[in-house]
Amino acid sequence: MMIRRVPFDHPDAVKLNDQVQAEYHVRYGDGGDATELAPADFAPPNGVYLIAYDEWDSPVATGGWRAQDTNGEGNLDGDAELKRMYVIEQMRGRGLARRVLAALEEDARAAGRLRMVLETGIKQPEAIALYTSSGYEPCVKFGYYRHYEDSRCFAKAL
């Protein structure tokens with residue numbers, strides 16, 4: 001597997017984003033994640049977007065982080081917000097999400113970010129299991145879904 005930095009609007013990123021949004025819709029019935037994201041959010045040094053490719057150069061996993069500082073949505077100075085972690089269904093269970101997550105944490109740390117934060121939901125138990133087994137702990141809710149009952153937020157010091 002090869003992990004590459006790509007712009008958030010790269011065709012492969014768009015393809016995988018459409019797939020994760022469709023999965024969110026199936027799980028939550030709400031059309032997908034309504035959090036506003038822009039390609040500039042993931043432009044270094046204030047973020048990065050990664051895609052993992054298989055041996056046939058097909059995109060199979062994705063994830064990104066974007067810088068957040070103290071704001072009206074509950075973030076703190078030095079936050080790196082994890083977004084769009086996703087592994088295509090036929091490649092799940094092979095450790096790809098863990099590898100992408102580690103690469104994102106390393107990149108955010110190198111960029112001077114202090115903690116990685118993320119929001120997920122109770123209908124994504126495999127995501128919650130990944131994050132808690134990777135050292136993430138529940139934190140004060142933040143972001144677009146902070147007032148939703150099904151939302152769960154986690155943080156890990158970098």
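Buried residues have under 20% relative accessible area and exposed residues over 50%, with partly exposed ones in between. The exercises below apply to a predicted model.

**Exercise 1.** Determine the class of accessibility to which Tyr144 and Tyr145 each belong, and then decide how their rings are arranged.

*Solution.* Begin with Tyr144, whose relative accessibility is 40%, so that this residue counts as partly exposed. Turn next to Tyr145, which has a relative accessibility of 11% and therefore counts as buried. The ring centres of Tyr144 and Tyr145 are 4.8 Å apart, and because centres within 6.5 Å make a pair, the distance criterion is met. Finally, the planes of the two rings stand at 70°, so the pair is classed as edge-to-face. The structure holds six aromatic pairs, and ring pairs also join Phe8, Phe42 and Tyr49 into a cluster.

**Exercise 2.** Work out how many disulfides the structure holds, taking Cys139 and Cys153 as the cysteines to examine.

*Solution.* The count for the structure is zero disulfides. For Cys139, the nearest cysteine sulfur is that of Cys153, at 5.3 Å, whereas a disulfide requires two cysteine sulfur atoms within 2.5 Å. Cys139 is accordingly in no disulfide, and Cys153, for which the nearest cysteine sulfur is that of Cys139, is in none either. As for its surroundings, Cys153 has 5% relative accessibility, so it counts as buried.

**Exercise 3.** Identify the ring over whose face Arg4 lies, and give the distance from the ring centre.

*Solution.* The ring in question belongs to Tyr53, and Arg4 lies over its face at 4.2 Å from the ring centre.

Key:
Residues numbered from 1 in each chain as written. Predicted model: local features only at pLDDT ≥ 70, side-chain atom pairs only at ≥ 80, totals over all residues. Heavy atoms only, no water. Buried < 20%, exposed > 50% of the residue type's maximum accessible area, 1.4 Å probe, protein only. Phe/Tyr/Trp six-rings, centres within 6.5 Å; stacked < 30°, edge-to-face > 60°. Lys NZ or Arg CZ within 6 Å of the ring centre and 35° of its normal.
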